[in-house]
Amino acid sequence: MERSVKESVLKVENVSKIFSREEGSFGQKKLVENHVIDQVTFDVYENEFLVIFGPGQSGKTTLLKMMAGLEKVTDGIIEFGQKKISGPNPQLGFVYQSIALFPWLTVMENVEFGPKVKGEGKVERREKAQHYIELVGLGGFEERYPAQLSGGMKQRVGIARAYANNPKILLMDEPFGALDAQTRYMMEAEIQKIWQKEKRTVVFVTNNIEEALFLADRIILLTNCPTKIKSEYHVSLPHPRSYVDKEFLKLRQEITNNMDRTL
Amino acid sequence: MKSEKKKNIIATLLTIAGFLLVWQLVSMAVDNAAFLPKASVIVLEFFKTFVNPVGKYTMTMHILISLYRVGVAFILATLVGIMMGVGMGYSKLVEAILYPLFEIIRPIPPLAWIPMSILWFGLGDASKFFIIFLGSFSFITLNTYDGTKNVDRELIGAARMLGASERQVFFKVVLPSSVPYIFAGLQIAVTAGWSSVVGAEMVRSDEGVGWLIVMGMNKGNTIQIMVGMLAIGIIGFLLAQLTTLVERRLLAWNDQ
């Protein structure tokens, strides 16, 4: 199989996450434990578009944040390039659902933030930032502030900012979750186009089955909390995909039937 | 939009005119210049003081001298306030060291400090700086503290993911995202500092708008007292407007 030849760039091995916090008042404090992730193991392969898909209550975001080093694992190991992840690593790009642009910086300044903190020269980093601003279709908006942009445009900046830092892997946490349906469809097509142009390894978290199937090479389906891997799907439909294609709908039905229900 | 703005300005002017008119009518009914001088007399006297000196100086000089005192104290308050606020908001240790002390000093009104400030700093400008400083720095400290504490965690995460060091996170994320809070503090502090000018100039002085009031009190000159109050009010208003203007300029990104 083709996959077995491909190189694994990130390994998640037996990873668990338990959030614990103290609850109650003086005298009767107790430790409340919330078991979010339960012994999850999988690989991320070079240049694939991997979608982590699960019901609303699964620990998808927690899992992704652990892969980014933004959240500590309770148990298990996450390895990136033979090394254990122990904190944020600029070789991994992160795109937030909340977008998290720096509101006091312009589009250009946001996108060049990564190269700038690494000490790249002005000409070089501007050129790089300009390239990615144009790649996401925001040419002409370089001097705008985030507050002056629509939701879809803001997330384009978020994506350009992650790309401009030249990461090995892009981790995207429900990046289109806060957008309206129309913009969302547009952005899904856009991200596919960008990915075709600038191949990167992408790990994309979503709770939207259509989005998962539209984008993914491979889908990892998660269970409810405590989250395990329920199954895995390879999607080999050609791009650009159609939401009403027969094969697409068949897979959609299959995955939906296999999915845990949440209230 | 434009006509609405015009309407609001007219409403503001009408309120002020109405206030003066009511004052005028009441003062005419009371008919006791030492108890309640007529609004027209106060306004007229106010303008006259720009030409005829009161004490050693004309009104322009009194205002400039007071502004100088407030200005120096305000700059000091801004520096100390931002440093303390950022320190307490960013470091738990600094917070543990400074916050309780700060909260104990904060409720002591600037006026209560007058005797000690004379003892420590003498009768010159230094003690006036000290009192105005005390009247304004806590607002800057508190707001900055609030801003630094409330930095969006995701912005810090985003900066870390882009490779920012601890130092860069502080200077490129924590500090700039506190700026709107700092400005809110400066806005209150500039007014508070300016209003403590009277207290500061109660410490032996021969000039300043606060001195006008203190001197008027000593001489039983009601009109001079009210002229001093009017000057403080108008300059305070202008200072607040100026701060808002600077804030709008510097914080264009925050203008949704």
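I began with the surface of chain B in this predicted model, where I found that B:Val22, B:Val26, B:Val30 and B:Phe35 make a nonpolar surface patch of about 370 Å². I then picked out one of these residues, B:Val30, and looked up its place, which is in helix 1 of chain B, a helix that covers residues 2–30.

Is B:Val30 buried or exposed, or does it count as something in between? I noted a relative accessibility of 36% for B:Val30, and because partly exposed covers values between 20% and 50%, B:Val30 counts as partly exposed.

Next I turned to chain B as a whole. I looked up its secondary structure and found 11 helices and 0 strands, so I wrote down the order of elements from the N terminus as α-α-α-α-α-α-α-α-α-α-α. For the dimensions, I noted that the C-alpha atoms of chain B fill a box of roughly 70 × 55 × 30 Å along the principal axes. Chain B has 256 residues, of which 42% count as buried, and the area that chain B exposes is about 14,000 Å², with 71% of it supplied by carbon and sulfur atoms. I also looked up the contacts in chain B with a separation of 6 or more, and found that residues 24 or more positions apart account for 68% of them.

My next entry concerns the place where chain A and chain B meet. How many residues does each chain bring to the contact? I found 24 residues from chain A and 17 residues from chain B. The area buried between the two chains is about 1,900 Å², and carbon and sulfur atoms give 73% of that area. On the side of chain A, I noted that A:Trp104, A:Phe113 and A:Val117 supply 34% of the area that chain A buries against chain B, which is more than any other three residues supply.

I then looked for polar and charged pairs across this interface. The rule finds 5 residue pairs in polar contact, both residues being at pLDDT 80 or more, and it finds 1 salt bridge. The salt bridge that I looked up is formed by A:Lys65 with B:Glu154, and their closest N and O atoms are 3.3 Å apart.

Which elements of chain A supply at least two residues each of the side that touches chain B? I listed helix 2 (60–68), strand 6 (92–95) and helix 4 (113–117) of chain A. The largest share of that side, 4 residues, comes from helix 4 of chain A.

Terms used:
Residues are numbered from 1 along each chain as its sequence is written. Chains are lettered from A and ligands numbered from 1 in the order in which they are written. This is a predicted model: local features need pLDDT of at least 70, side-chain atom pairs count only at pLDDT 80 or more; totals for chains, interfaces and linings use all residues. Side-chain values use heavy atoms; hydrogens and water are left out. Patches are made of residues with over 30% relative accessible area and no salt bridge: like charges are joined within 9 Å, nonpolar side chains (Val, Leu, Ile, Met, Phe, Trp, Tyr) within 5 Å. Accessible areas come from the Shrake-Rupley method with a 1.4 Å probe; for residues, only the protein chains shown count as cover. A salt bridge is a side-chain nitrogen of Lys or Arg within 4 Å of a carboxyl oxygen of Asp or Glu. Buried means under 20% relative accessible area, exposed over 50%, partly exposed in between (1.4 Å probe, protein chains only). Contact means heavy atoms within 4.5 Å. Buried area is the accessible area (1.4 Å probe) that two parts lose on being put together, summed over both. A polar contact is a pair of N or O atoms within 3.5 Å; within protein, one must be able to donate a hydrogen and the other to accept it, and residues adjacent in sequence count only if both atoms are side-chain atoms.
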